Amino acid sequence: MKRDPLWREELSIFSADEKYVNRRQFAKFLVLTSAGMFVGNLWILVKGWLTKTPVYPLRSIAKLGEIPIGGSKLFNYPTAADPCILVRTGETELAAFSQKCTHLSCSVYYQRESNRFECPCHQGYFAAKDGRVLQGPPQRPLPRILLQQKGDELFAVGVDLGEA
Amino acid sequence: MFGYEFYIDPERCIGCQACINACAECDTHRGVPMITVDFLDRANSIATVPAICMHCDDPTCAEVCPADAIKKGEDGVVQSALKPRCVACNNCVLACPFGIPKMMTKLELMMKCDMCYDRTSVGKRPMCATVCPSQALAYVTPETIARERREKPVNVFRFGNETVTTKVFMMVPPGETAVTVDVVDFMWETPETPETWR
C-alpha cells in the first residue's frame, strides 16, 4: 500500500491529529505553571513561618589530644545523616564544618598544604578558618558547627548556617 | 452523537425558510444563516430544497484547505473554518461538491454549517431541525426514520466517477441506493455555440 505523503500527516484534516501546540494550549500552560509557582512560593513562605528554630543536641565529638595539628576528623552532627569535618589548624585553633559542599552536596576534604577545604566534584574551595567560599561554583559558605571545649573533650553544640 | 442522525427530505420542503431564520438566531453566527433554501427550477416549479453541510466522510473542503483551517472531529462533524487560520482563499467554496461553504468577504472567513455543534454536541437538535414544520430536516434516530418514512435514507452520492459518502442522509425513493448527480444536467447555461458552427 502506498504511504501517504508527509504533508498529509502533518496537515491532517482530523482535529484529533493536531500535533502542534496551539496558542491557547500555550497560554494555558503559561497560566497554569505561573499559578503553580505562585502556590509553591506561598507554601515555602508559610512553611518558613511555621518552622521553629531547631534545638541542637550537645554531643561529644572528639578528645583534644586525638587530633594532631593539621589533622582532621569526620563525625556526624546533628543527626547521623549529616556528615561533618573537624580540623585542627593550630595549637588552639579548631573548627568544624558541615562536610556537604553548598553547591551539590559532594563531600569536602581538608587540604593541609593550602589550609582549605576542597570539593573534588567541581573544584570548589572553602577557607578552613571560617568556611567562606574561595573559588568555584558554590555560592554559600559551609555551615559551621559550633564547638565547646570542656576539659580535653570537644562538644558540638549547634549549627551556624551562615546567612541566618 | 447521542444516537441521532440528520435526514434531509427535499420532497417535504415547503420553502417556508423557517430553518434560515432559526439558523440566523444562533449566537455563534448571529444574523448570518448557514443554511440556504434553493429553488430547483424557479421558472417552472415551486419545489425547494434545503442545503446544509453534508459532513462528508472525506471532506473535500478540508482536503483542499491550504491553511489547515477546516477540521473534522472524531464525531464526524466537519467544523467551520478556524478564524485564526482561514486565509479566505475560496478553495473550499469551489471544491465542495454540494456548494455549502460560504465566503464571508468582510470577515475574510469561510463559514459553513457545523450541524449546530454547540447544540448537537450536548444532545440537543440543530436549530433548523427543531423548527422545520414538515420535517424535511429531521434530526432523529434511525429507528424513528425507518418507522415513520416511506423513503429510504442514503448517504452515498455519485458525481460522475467520484463517490462521496456523508454523515448526513438524504431521503430517496425506496429502491435507490445512491444519489447520482450529473452536474451538467443542472447547468442552466446553454452551450454558446455560434450559429455558423452548427
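Between chain B and chain A there are 0 salt bridges, a salt bridge being a side-chain nitrogen of Lys or Arg within 4 Å of a carboxyl oxygen of Asp or Glu. Polar contacts do turn up: 3 residue pairs, both members at pLDDT 80 or more, are in polar contact between chain B and chain A. That term stands for a pair of N or O atoms within 3.5 Å; within protein, one must be able to donate a hydrogen and the other to accept it, and residues adjacent in sequence count only if both atoms are side-chain atoms. On the side of chain B that touches chain A, the residues split into 4 nonpolar, 1 polar and 7 charged. Here Ala, Val, Leu, Ile, Met, Phe, Trp, Tyr, Cys and Pro go down as nonpolar, Asp, Glu, Lys and Arg as charged, and the others, Gly among them, as polar.

A word on the ground rules: this is a predicted model, where local features need pLDDT of at least 70 and side-chain atom pairs count only at pLDDT 80 or more, while totals for chains, interfaces and linings use all residues. Residues are numbered from 1 along each chain as its sequence is written, chains are lettered from A and ligands numbered from 1 in the order in which they are written, and side-chain values use heavy atoms, with hydrogens and water left out.

Back to the interface. Chain B puts 12 residues into the contact and chain A puts in 10 residues, contact meaning heavy atoms within 4.5 Å. Together the two chains bury about 870 Å², with 48% of it on carbon and sulfur atoms. Within chain B, the residues that lose the most area to chain A are B:Glu63, B:Lys71 and B:Lys72, together 49% of what that side buries. Buried area is the accessible area (1.4 Å probe) that two parts lose on being put together, summed over both.

Now for chain B itself. It has 6 helices and 9 strands, taken as DSSP runs numbered from the N terminus (helices H or I, at least four residues; strands E, at least two). Of its 198 residues, 43% count as buried, which means under 20% relative accessible area, with exposed over 50% and partly exposed in between (1.4 Å probe, protein chains only). Chain B exposes about 11100 Å², and carbon and sulfur atoms supply 54% of that; accessible areas come from the Shrake-Rupley method with a 1.4 Å probe, and for residues only the protein chains shown count as cover. Among contacts in chain B between residues at least 6 apart in sequence, 53% join residues at least 24 apart.

Over all chains, the salt bridge count comes to 12. Here are three of them, all from chain B.

| Salt bridge | Closest N to O |
|---|---|
| B:Arg149 and B:Asp9 | 3.9 Å |
| B:Arg30 and B:Asp27 | 2.9 Å |
| B:Glu151 and B:Arg150 | 3.9 Å |

Take the pair of B:Arg149 and B:Asp9. B:Arg149 sits in the loop between α6 (142-148) and β7 (152-159) of chain B, and B:Asp9 in the loop between β1 (5-8) and α1 (18-24). The salt bridge links distant parts of the chain, with its two residues 140 residues apart. Both residues are buried: B:Arg149 has a relative accessible area of 10% and B:Asp9 one of 1%.

What else surrounds them? Not counting residues up to four places away in sequence, B:Arg149 touches B:Asp9, B:Arg12, B:Gln135, B:Ala138 and B:Met171. A polar atom of the B:Arg149 side chain lies 2.8 Å from the backbone oxygen of B:Gln135. With neighbours within four places in sequence left aside, B:Asp9 is in contact with B:Ala136, B:Arg149, B:Glu151 and B:Met171. B:Asp9 and B:Pro50, 41 residues apart in sequence, are 8.6 Å apart C-alpha to C-alpha.

The B:Arg30 and B:Asp27 bridge has exposed partners, with B:Arg30 at 52% relative accessibility and B:Asp27 at 62%. In the bridge of B:Glu151 and B:Arg150, B:Glu151 is buried at a relative accessible area of 14%, whereas B:Arg150 counts as exposed at 63%. Elsewhere, salt bridges that share partners join B:Asp9, B:Arg12 and B:Arg149 into one network.

One last stop is B:Asn90, found in the loop between α2 (60-64) and α3 (91-95) of chain B. B:Asn90 is partly exposed, at a relative accessible area of 28%. The C-alpha atoms of B:Asn90 and B:Met104 are separated by 9.9 Å, with their positions 14 residues apart along the chain.
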